[in-house]
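Reader: I should like a close look at a single part of this protein, the surroundings of its ligand. Please then set that part in the context of the chain as a whole.

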Amino acid sequence: MQQLDIVKIRKDFPALDQKVFDRPLVYLDNAATSQKPKQVIDAISNYYSTINSNVHRGVHHLSQQATEAFEHTREHIQKYINAQNSHEIIITKGATDSINLMAYSFGKKYLQLDDEVIISALEHHANIVPWQMICKELGAKLHVIPMNDEGELLLEKFEKMINQKTKIVAVGHVSNALGIINPVEEIIEIAHKHNIPVMIDGAQGIVHKKVDIQDLDCDFYCFSSHKFYGPMGVGILYGKEKYLEKMPPYQTGGEMIKKVTFKKTTFNDLPYKFETGTPNVADVIGFDAALNYIEGIGIENIEEYETELLQYATEKLKGIDGVKIYGEVPHKAGVISFNLKDIHPYDAGTIIDRFGIAVRTGNHCAQPIMDRLDIPGTIRASFAFYNTKDEVDRLAEALEKVKEMFG
Ligand code: 7TS
(Lines give C-alpha, C1' and ligand atoms only; values in the text may rest on other atoms or scores of the structure.)
Protein backbone atom coordinates (compact mmCIF):
# COMPACT_ATOMS: atom_id res chain seq x y z
CA MET A 1 0.00 0.00 0.00
CA GLN A 2 1.11 3.48 -0.78
CA GLN A 3 1.44 6.22 1.84
CA LEU A 4 -0.91 9.11 1.00
CA ASP A 5 0.52 12.62 0.81
CA ILE A 6 -2.32 14.29 2.69
CA VAL A 7 -0.77 17.78 2.61
CA LYS A 8 -0.64 17.60 -1.18
CA ILE A 9 -4.09 16.02 -1.44
CA ARG A 10 -5.67 18.73 0.70
CA LYS A 11 -4.40 21.39 -1.70
CA ASP A 12 -6.69 19.87 -4.35
CA PHE A 13 -9.78 20.65 -2.25
CA PRO A 14 -10.31 24.43 -2.19
CA ALA A 15 -13.21 24.29 0.28
CA LEU A 16 -10.98 22.73 2.94
CA ASP A 17 -8.74 25.77 2.93
CA GLN A 18 -10.90 28.25 4.83
CA LYS A 19 -11.63 29.51 8.30
CA VAL A 20 -14.93 29.07 10.06
CA PHE A 21 -15.44 31.23 13.15
CA ASP A 22 -11.76 32.22 12.86
CA ARG A 23 -10.45 28.67 13.00
CA PRO A 24 -9.30 26.42 10.18
CA LEU A 25 -12.28 24.41 9.03
CA VAL A 26 -12.41 20.77 10.14
CA TYR A 27 -14.85 19.08 7.79
CA LEU A 28 -16.19 15.87 9.32
CA ASP A 29 -19.54 15.66 7.54
CA ASN A 30 -18.38 13.59 4.59
CA ALA A 31 -21.21 11.08 4.88
CA ALA A 32 -23.62 13.92 4.05
CA THR A 33 -21.50 15.08 1.14
CA SER A 34 -17.79 15.07 0.39
CA GLN A 35 -15.79 18.10 -0.70
CA LYS A 36 -14.79 18.30 -4.38
CA PRO A 37 -11.28 18.41 -5.80
CA LYS A 38 -10.49 21.27 -8.16
CA GLN A 39 -10.20 18.76 -11.01
CA VAL A 40 -13.96 18.18 -10.67
CA ILE A 41 -14.77 21.87 -10.35
CA ASP A 42 -12.62 22.60 -13.42
CA ALA A 43 -14.27 19.85 -15.45
CA ILE A 44 -17.70 21.38 -14.83
CA SER A 45 -16.47 24.86 -15.63
CA ASN A 46 -14.72 23.62 -18.81
CA TYR A 47 -17.85 21.90 -19.98
CA TYR A 48 -19.90 25.09 -19.72
CA SER A 49 -17.10 27.15 -21.27
CA THR A 50 -16.61 24.88 -24.28
CA ILE A 51 -18.97 22.06 -25.24
CA ASN A 52 -22.20 22.98 -23.45
CA SER A 53 -25.05 21.49 -25.53
CA ASN A 54 -27.74 18.87 -25.28
CA VAL A 55 -26.80 15.21 -25.61
CA HIS A 56 -27.98 12.34 -27.83
CA ARG A 57 -29.90 14.58 -30.21
CA GLY A 58 -27.71 17.01 -32.09
CA VAL A 59 -25.73 16.23 -35.22
CA HIS A 60 -23.68 19.34 -34.60
CA HIS A 61 -20.14 19.23 -33.27
CA LEU A 62 -20.78 20.47 -29.73
CA SER A 63 -23.63 18.05 -29.15
CA GLN A 64 -21.49 15.19 -30.38
CA GLN A 65 -18.64 16.16 -28.09
CA ALA A 66 -20.96 16.49 -25.10
CA THR A 67 -22.55 13.13 -25.92
CA GLU A 68 -19.15 11.52 -26.20
CA ALA A 69 -18.02 12.89 -22.84
CA PHE A 70 -21.32 11.90 -21.24
CA GLU A 71 -21.16 8.35 -22.57
CA HIS A 72 -17.49 8.12 -21.68
CA THR A 73 -18.50 8.67 -18.05
CA ARG A 74 -20.97 5.81 -18.25
CA GLU A 75 -18.21 3.54 -19.56
CA HIS A 76 -15.86 4.79 -16.88
CA ILE A 77 -18.39 3.89 -14.17
CA GLN A 78 -18.89 0.49 -15.78
CA LYS A 79 -15.15 -0.17 -15.68
CA TYR A 80 -14.78 1.27 -12.18
CA ILE A 81 -17.32 -1.14 -10.70
CA ASN A 82 -16.46 -3.90 -13.19
CA ALA A 83 -19.99 -4.26 -14.54
CA GLN A 84 -20.35 -6.45 -17.61
CA ASN A 85 -22.08 -3.91 -19.85
CA SER A 86 -22.27 -0.13 -20.00
CA HIS A 87 -26.01 -0.33 -20.70
CA GLU A 88 -26.40 -1.77 -17.21
CA ILE A 89 -25.35 1.64 -15.84
CA ILE A 90 -28.36 3.93 -15.46
CA ILE A 91 -27.60 7.57 -14.74
CA THR A 92 -30.01 9.10 -12.25
CA LYS A 93 -30.21 12.20 -10.05
CA GLY A 94 -28.79 10.47 -6.97
CA ALA A 95 -29.05 7.40 -4.77
CA THR A 96 -32.55 8.40 -3.67
CA ASP A 97 -33.66 8.69 -7.29
CA SER A 98 -32.07 5.31 -8.07
CA ILE A 99 -33.96 3.62 -5.23
CA ASN A 100 -37.23 5.24 -6.28
CA LEU A 101 -36.63 3.95 -9.79
CA MET A 102 -36.03 0.49 -8.33
CA ALA A 103 -39.05 0.47 -6.04
CA TYR A 104 -41.49 1.67 -8.68
CA SER A 105 -40.15 -0.07 -11.76
CA PHE A 106 -39.04 -3.36 -10.18
CA GLY A 107 -42.13 -3.21 -7.96
CA LYS A 108 -44.54 -2.78 -10.86
CA LYS A 109 -43.02 -5.70 -12.73
CA TYR A 110 -42.30 -8.17 -9.95
CA LEU A 111 -44.46 -7.35 -6.91
CA GLN A 112 -48.05 -8.41 -6.40
CA LEU A 113 -50.59 -8.55 -3.60
CA ASP A 114 -49.11 -10.24 -0.49
CA ASP A 115 -45.59 -10.44 -1.93
CA GLU A 116 -42.74 -9.50 0.39
CA VAL A 117 -39.81 -7.07 0.31
CA ILE A 118 -36.97 -7.39 2.81
CA ILE A 119 -34.89 -4.42 3.96
CA SER A 120 -32.75 -4.10 7.11
CA ALA A 121 -32.93 -2.29 10.44
CA LEU A 122 -29.95 -0.15 9.38
CA GLU A 123 -31.40 1.61 6.34
CA HIS A 124 -31.35 5.30 5.47
CA HIS A 125 -34.90 6.62 4.90
CA ALA A 126 -34.12 6.56 1.16
CA ASN A 127 -34.09 2.76 1.29
CA ILE A 128 -37.20 2.53 3.46
CA VAL A 129 -39.83 4.96 2.27
CA PRO A 130 -39.89 4.14 -1.49
CA TRP A 131 -40.35 0.43 -0.66
CA GLN A 132 -42.98 1.26 1.94
CA MET A 133 -44.90 3.32 -0.62
CA ILE A 134 -44.83 0.73 -3.39
CA CYS A 135 -45.76 -2.04 -0.95
CA LYS A 136 -48.72 0.02 0.22
CA GLU A 137 -49.81 0.68 -3.35
CA LEU A 138 -49.62 -2.97 -4.39
CA GLY A 139 -50.69 -4.62 -1.14
CA ALA A 140 -47.25 -6.14 -0.58
CA LYS A 141 -45.47 -6.42 2.76
CA LEU A 142 -42.23 -4.88 3.99
CA HIS A 143 -40.11 -6.96 6.36
CA VAL A 144 -37.03 -5.83 8.25
CA ILE A 145 -33.89 -7.83 9.11
CA PRO A 146 -33.43 -7.04 12.82
CA MET A 147 -30.19 -5.93 14.46
CA ASN A 148 -28.63 -6.59 17.87
CA ASP A 149 -27.82 -3.83 20.38
CA GLU A 150 -24.46 -3.18 18.66
CA GLY A 151 -26.12 -2.70 15.27
CA GLU A 152 -25.15 -6.00 13.66
CA LEU A 153 -27.77 -7.56 11.42
CA LEU A 154 -29.05 -10.94 12.55
CA LEU A 155 -28.46 -13.15 9.53
CA GLU A 156 -29.96 -16.28 11.08
CA LYS A 157 -33.24 -14.35 11.39
CA PHE A 158 -32.85 -13.12 7.80
CA GLU A 159 -32.74 -16.59 6.32
CA LYS A 160 -35.90 -17.56 8.23
CA MET A 161 -37.74 -14.50 6.85
CA ILE A 162 -37.34 -15.70 3.26
CA ASN A 163 -40.21 -17.58 1.67
CA GLN A 164 -41.99 -18.08 -1.67
CA LYS A 165 -43.46 -14.59 -1.44
CA THR A 166 -40.12 -12.80 -1.05
CA LYS A 167 -39.38 -10.91 -4.27
CA ILE A 168 -36.43 -8.65 -3.44
CA VAL A 169 -33.93 -7.90 -0.68
CA ALA A 170 -32.71 -4.28 -0.48
CA VAL A 171 -29.98 -3.50 2.05
CA GLY A 172 -27.37 -0.86 2.67
CA HIS A 173 -23.68 -1.59 2.14
CA VAL A 174 -22.52 0.66 4.99
CA SER A 175 -24.81 2.34 7.52
CA ASN A 176 -24.68 6.13 7.20
CA ALA A 177 -25.77 6.54 10.82
CA LEU A 178 -23.36 4.09 12.52
CA GLY A 179 -20.70 3.28 9.92
CA ILE A 180 -21.27 -0.47 10.22
CA ILE A 181 -20.30 -2.48 7.14
CA ASN A 182 -23.13 -4.92 6.57
CA PRO A 183 -22.36 -8.54 5.62
CA VAL A 184 -23.65 -7.96 2.08
CA GLU A 185 -21.70 -10.90 0.63
CA GLU A 186 -23.52 -13.32 2.96
CA ILE A 187 -26.86 -11.59 2.40
CA ILE A 188 -26.46 -11.95 -1.37
CA GLU A 189 -25.42 -15.60 -1.03
CA ILE A 190 -28.39 -16.46 1.17
CA ALA A 191 -30.87 -14.59 -1.07
CA HIS A 192 -29.47 -16.17 -4.23
CA LYS A 193 -29.82 -19.65 -2.73
CA HIS A 194 -33.53 -18.88 -2.88
CA ASN A 195 -33.31 -17.15 -6.30
CA ILE A 196 -34.16 -13.74 -4.85
CA PRO A 197 -32.46 -10.65 -6.33
CA VAL A 198 -30.60 -8.23 -4.07
CA MET A 199 -30.24 -4.46 -4.33
CA ILE A 200 -27.38 -2.87 -2.41
CA ASP A 201 -27.68 0.77 -1.41
CA GLY A 202 -24.01 1.62 -1.80
CA ALA A 203 -24.23 5.36 -1.09
CA GLN A 204 -21.84 4.92 1.87
CA GLY A 205 -20.13 1.79 0.59
CA ILE A 206 -18.42 2.61 -2.67
CA VAL A 207 -16.86 5.73 -1.15
CA HIS A 208 -14.77 3.70 1.31
CA LYS A 209 -14.21 0.35 -0.37
CA LYS A 210 -13.42 -1.25 -3.68
CA VAL A 211 -16.63 -2.43 -5.30
CA ASP A 212 -16.43 -5.15 -7.94
CA ILE A 213 -19.96 -5.85 -9.07
CA GLN A 214 -19.14 -9.20 -10.64
CA ASP A 215 -17.36 -10.41 -7.47
CA LEU A 216 -20.15 -9.14 -5.27
CA ASP A 217 -22.74 -10.56 -7.67
CA CYS A 218 -25.51 -8.27 -6.43
CA ASP A 219 -28.35 -7.69 -8.89
CA PHE A 220 -28.55 -3.94 -8.34
CA TYR A 221 -26.17 -1.42 -6.75
CA CYS A 222 -26.82 2.30 -6.37
CA PHE A 223 -24.89 5.34 -5.17
CA SER A 224 -24.55 9.13 -5.44
CA SER A 225 -21.74 11.03 -7.11
CA HIS A 226 -21.71 13.80 -4.51
CA LYS A 227 -20.62 11.55 -1.65
CA PHE A 228 -17.86 10.18 -3.88
CA TYR A 229 -16.01 13.48 -4.52
CA GLY A 230 -18.16 14.23 -7.57
CA PRO A 231 -20.88 16.83 -8.18
CA MET A 232 -24.38 16.85 -6.74
CA GLY A 233 -27.38 15.84 -8.82
CA VAL A 234 -25.89 12.67 -10.29
CA GLY A 235 -26.50 9.11 -9.18
CA ILE A 236 -26.04 5.63 -10.51
CA LEU A 237 -28.19 2.56 -10.61
CA TYR A 238 -26.38 -0.54 -11.77
CA GLY A 239 -28.69 -3.42 -12.61
CA LYS A 240 -28.28 -6.80 -14.25
CA GLU A 241 -29.55 -6.69 -17.81
CA LYS A 242 -31.85 -9.66 -17.25
CA TYR A 243 -33.87 -7.58 -14.78
CA LEU A 244 -33.54 -4.12 -16.33
CA GLU A 245 -34.77 -5.44 -19.70
CA LYS A 246 -38.03 -6.58 -18.13
CA MET A 247 -38.60 -3.57 -15.89
CA PRO A 248 -40.98 -0.86 -17.17
CA PRO A 249 -39.89 2.79 -17.52
CA TYR A 250 -40.02 4.77 -14.29
CA GLN A 251 -40.61 8.23 -15.75
CA THR A 252 -41.65 9.03 -19.31
CA GLY A 253 -41.15 11.79 -21.87
CA GLY A 254 -38.36 12.59 -24.31
CA GLU A 255 -35.11 10.62 -24.68
CA MET A 256 -36.56 7.38 -23.33
CA ILE A 257 -38.71 6.67 -26.41
CA LYS A 258 -38.20 4.91 -29.71
CA LYS A 259 -41.42 5.87 -31.53
CA VAL A 260 -44.29 8.06 -30.40
CA THR A 261 -47.72 8.44 -31.99
CA PHE A 262 -50.83 9.77 -30.30
CA LYS A 263 -52.03 6.19 -29.98
CA LYS A 264 -48.92 4.45 -28.74
CA THR A 265 -45.32 4.82 -27.64
CA THR A 266 -42.50 2.30 -27.87
CA PHE A 267 -39.55 2.69 -25.54
CA ASN A 268 -35.86 3.13 -26.15
CA ASP A 269 -33.30 0.43 -25.37
CA LEU A 270 -31.25 0.20 -22.18
CA PRO A 271 -30.01 2.34 -20.57
CA TYR A 272 -32.04 5.18 -22.18
CA LYS A 273 -35.37 3.58 -21.32
CA PHE A 274 -34.71 4.80 -17.76
CA GLU A 275 -33.21 8.20 -18.58
CA THR A 276 -35.95 10.69 -19.35
CA GLY A 277 -35.40 14.28 -20.48
CA THR A 278 -32.20 16.30 -20.56
CA PRO A 279 -29.70 14.80 -18.12
CA ASN A 280 -27.34 16.69 -15.85
CA VAL A 281 -24.58 16.61 -18.48
CA ALA A 282 -22.08 18.95 -16.80
CA ASP A 283 -22.18 17.12 -13.50
CA VAL A 284 -22.05 13.69 -15.10
CA ILE A 285 -18.86 14.83 -16.85
CA GLY A 286 -17.68 16.23 -13.52
CA PHE A 287 -18.16 12.78 -12.02
CA ASP A 288 -15.79 11.35 -14.62
CA ALA A 289 -13.14 13.72 -13.25
CA ALA A 290 -13.92 12.52 -9.72
CA LEU A 291 -13.38 8.90 -10.77
CA ASN A 292 -10.07 9.86 -12.38
CA TYR A 293 -9.07 11.57 -9.17
CA ILE A 294 -9.98 8.59 -6.98
CA GLU A 295 -8.19 6.20 -9.33
CA GLY A 296 -5.13 8.45 -9.15
CA ILE A 297 -5.01 7.95 -5.38
CA GLY A 298 -6.25 4.36 -5.36
CA ILE A 299 -9.32 3.23 -3.44
CA GLU A 300 -7.26 0.55 -1.63
CA ASN A 301 -4.93 3.28 -0.32
CA ILE A 302 -7.96 5.37 0.66
CA GLU A 303 -9.49 2.42 2.52
CA GLU A 304 -6.30 1.71 4.43
CA TYR A 305 -5.77 5.35 5.39
CA GLU A 306 -9.39 5.84 6.47
CA THR A 307 -9.37 2.64 8.52
CA GLU A 308 -6.32 3.85 10.44
CA LEU A 309 -7.90 7.28 10.95
CA LEU A 310 -11.13 5.73 12.18
CA GLN A 311 -9.22 3.58 14.67
CA TYR A 312 -7.32 6.61 15.91
CA ALA A 313 -10.53 8.62 16.28
CA THR A 314 -12.31 5.77 18.06
CA GLU A 315 -9.51 5.42 20.62
CA LYS A 316 -9.29 9.18 21.07
CA LEU A 317 -13.03 9.60 21.66
CA LYS A 318 -13.19 6.58 23.96
CA GLY A 319 -10.58 8.33 26.09
CA ILE A 320 -13.03 11.14 26.78
CA ASP A 321 -15.10 10.55 29.87
CA GLY A 322 -18.81 10.59 29.02
CA VAL A 323 -18.52 9.65 25.34
CA LYS A 324 -20.74 6.75 24.32
CA ILE A 325 -20.10 5.36 20.84
CA TYR A 326 -22.90 3.54 19.04
CA GLY A 327 -22.36 0.68 16.63
CA GLU A 328 -18.85 -0.15 17.77
CA VAL A 329 -18.24 -3.38 15.90
CA PRO A 330 -15.14 -4.76 14.14
CA HIS A 331 -16.35 -4.04 10.60
CA LYS A 332 -16.75 -0.31 10.20
CA ALA A 333 -16.06 2.39 7.64
CA GLY A 334 -15.81 6.13 7.81
CA VAL A 335 -18.23 7.03 10.62
CA ILE A 336 -18.23 7.44 14.40
CA SER A 337 -21.62 8.06 15.93
CA PHE A 338 -21.69 9.02 19.58
CA ASN A 339 -23.23 11.03 22.37
CA LEU A 340 -21.59 13.05 25.11
CA LYS A 341 -23.07 12.42 28.55
CA ASP A 342 -26.72 13.36 28.46
CA ILE A 343 -26.12 16.49 26.38
CA HIS A 344 -28.58 16.67 23.50
CA PRO A 345 -26.70 16.05 20.22
CA TYR A 346 -28.12 19.21 18.71
CA ASP A 347 -26.78 21.36 21.58
CA ALA A 348 -23.38 19.70 21.37
CA GLY A 349 -23.28 20.12 17.58
CA THR A 350 -24.07 23.82 17.80
CA ILE A 351 -21.09 24.38 20.10
CA ILE A 352 -18.77 22.11 18.11
CA ASP A 353 -19.61 24.24 15.05
CA ARG A 354 -18.32 27.33 16.91
CA PHE A 355 -14.92 25.64 16.97
CA GLY A 356 -14.97 25.50 13.17
CA ILE A 357 -15.76 21.80 13.15
CA ALA A 358 -18.52 20.46 10.89
CA VAL A 359 -20.20 17.36 12.29
CA ARG A 360 -23.73 16.19 11.74
CA THR A 361 -26.18 15.80 14.59
CA GLY A 362 -29.63 14.24 14.76
CA ASN A 363 -31.12 11.02 13.43
CA HIS A 364 -29.17 11.07 10.13
CA CYS A 365 -32.31 10.17 8.15
CA ALA A 366 -32.36 6.86 9.95
CA GLN A 367 -35.07 7.34 12.57
CA PRO A 368 -35.77 3.62 13.06
CA ILE A 369 -32.15 3.09 14.22
CA MET A 370 -32.51 5.84 16.82
CA ASP A 371 -35.81 4.32 17.99
CA ARG A 372 -34.16 0.91 18.25
CA LEU A 373 -31.31 2.39 20.33
CA ASP A 374 -33.79 4.51 22.28
CA ILE A 375 -31.92 7.77 21.76
CA PRO A 376 -33.01 11.08 20.17
CA GLY A 377 -30.01 11.08 17.84
CA THR A 378 -26.24 11.13 17.80
CA ILE A 379 -23.28 13.33 16.97
CA ARG A 380 -21.71 11.91 13.81
CA ALA A 381 -18.15 12.50 12.66
CA SER A 382 -17.65 11.06 9.18
CA PHE A 383 -14.25 10.85 7.56
CA ALA A 384 -12.68 11.17 4.14
CA PHE A 385 -9.09 10.52 3.05
CA TYR A 386 -8.25 14.24 3.34
CA ASN A 387 -8.98 14.28 7.09
CA THR A 388 -6.10 14.06 9.53
CA LYS A 389 -5.29 12.93 13.07
CA ASP A 390 -4.80 16.60 13.99
CA GLU A 391 -8.41 17.22 13.00
CA VAL A 392 -9.51 14.35 15.22
CA ASP A 393 -7.55 15.98 18.06
CA ARG A 394 -9.38 19.25 17.38
CA LEU A 395 -12.70 17.42 17.67
CA ALA A 396 -11.60 15.82 20.95
CA GLU A 397 -10.62 19.23 22.36
CA ALA A 398 -13.98 20.67 21.33
CA LEU A 399 -15.79 17.83 23.07
CA GLU A 400 -13.93 18.58 26.30
CA LYS A 401 -15.02 22.21 25.96
CA VAL A 402 -18.64 21.18 25.38
CA LYS A 403 -18.50 19.13 28.58
CA GLU A 404 -17.09 22.08 30.52
CA MET A 405 -19.82 24.38 29.23
CA PHE A 406 -22.52 21.95 30.27
CA GLY A 407 -20.91 21.49 33.68
N1 7TS B 1 -28.51 5.81 1.20
C2 7TS B 1 -27.62 6.06 2.17
C3 7TS B 1 -26.97 4.91 2.88
C4 7TS B 1 -27.28 7.38 2.47
O5 7TS B 1 -26.39 7.61 3.43
C6 7TS B 1 -27.91 8.43 1.78
C7 7TS B 1 -27.64 9.87 2.12
C8 7TS B 1 -28.81 8.11 0.76
C9 7TS B 1 -29.09 6.79 0.50
C10 7TS B 1 -29.44 9.16 -0.08
O11 7TS B 1 -28.49 9.75 -0.89
P12 7TS B 1 -28.85 11.05 -1.76
O13 7TS B 1 -27.56 11.41 -2.37
O14 7TS B 1 -29.88 10.66 -2.73
O15 7TS B 1 -29.34 12.08 -0.78
N16 7TS B 1 -27.11 10.10 3.40
C17 7TS B 1 -26.97 11.29 4.01
C18 7TS B 1 -26.38 11.42 5.28
O19 7TS B 1 -25.95 10.49 5.94
N20 7TS B 1 -26.40 12.73 5.65
O21 7TS B 1 -26.95 13.44 4.63
C22 7TS B 1 -27.32 12.55 3.63
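**The ligand and its setting**

Author: In this predicted model, 15 residues surround the ligand, and the closest are Thr96, Asp201, Ser224, Arg360 and Arg380. Individual atoms can be named for two of these residues. A polar side-chain atom of Thr96 lies 2.5 Å from an oxygen atom of the ligand. For Arg380, an N or O atom of the side chain is 2.7 Å from an oxygen atom of the ligand. The backbone also takes part in the description: a polar backbone atom of Ala95 is 3.5 Å from a ligand oxygen atom.

These residues can be placed on the domain assignment of the chain, which gives domain 1 as 6–30 + 298–402 and domain 2 as 41–295. By those bounds, Ala95, Thr96, Asp201 and Ser224 fall in domain 2, whereas Arg360 and Arg380 fall in domain 1. The surroundings of the ligand therefore include residues of both domains, given that the bounds come from an automatic or database domain assignment.

The relation between the two domains deserves a description of its own. Their C-alpha centres lie 28 Å apart. Their contact takes 36 residues from domain 1 and 31 residues from domain 2. The size of an interface is often given as the accessible area lost when the parts come together. Here the area buried between domain 1 and domain 2 is about 2700 Å², and carbon and sulfur atoms give 59% of it. Of the area that domain 1 buries against domain 2, Ile299, Ile369 and Arg372 supply 22%, which is more than any other three residues.

Arg372 also has a charged partner, since its side chain meets that of Asp149 in a salt bridge with an N to O distance of 3.0 Å. The count of salt bridges between domain 1 and domain 2 is 2, and the count of residue pairs in polar contact between the domains is 15. On the side of domain 1 that touches domain 2, helix 11 (299–318), strand 14 (335–340) and helix 13 (367–373) each supply at least two residues. Helix 13 gives the most to this side, with 6 residues. The residues of this side divide into 20 nonpolar, 8 polar and 8 charged.

Some details elsewhere in the chain complete the picture. The structure holds 19 salt bridges. One of them joins the side chains of Arg74 and Glu275, at 2.7 Å from N to O. This pair links distant parts of the chain, 201 residues apart: Arg74 is in helix 3 (residues 61–81), and Glu275 is in the loop between strand 12 and helix 10. Pro271 is found in the loop between strand 12 (265–267) and helix 10 (281–297) as well, and a cis peptide bond joins Leu270 to Pro271, with omega about 0°. Another backbone feature concerns Asp217, which has a positive phi of about 60° although it is not a glycine. Asp217 has its place in the loop between helix 8 (213–216) and strand 9 (220–224).

Key: Residues are numbered from 1 along each chain as its sequence is written. This is a predicted model: local features need pLDDT of at least 70, side-chain atom pairs count only at pLDDT 80 or more; totals for chains, interfaces and linings use all residues. Side-chain values use heavy atoms; hydrogens and water are left out. Contact means heavy atoms within 4.5 Å. Buried area is the accessible area (1.4 Å probe) that two parts lose on being put together, summed over both. A salt bridge is a side-chain nitrogen of Lys or Arg within 4 Å of a carboxyl oxygen of Asp or Glu. A polar contact is a pair of N or O atoms within 3.5 Å; within protein, one must be able to donate a hydrogen and the other to accept it, and residues adjacent in sequence count only if both atoms are side-chain atoms. Helices (H or I, at least four residues) and strands (E, at least two) are DSSP runs, numbered from the N terminus. Ala, Val, Leu, Ile, Met, Phe, Trp, Tyr, Cys and Pro count as nonpolar, Asp, Glu, Lys and Arg as charged, and the others, Gly among them, as polar. A residue is near a molecule or strand if one of its heavy atoms lies within 4 Å of it.
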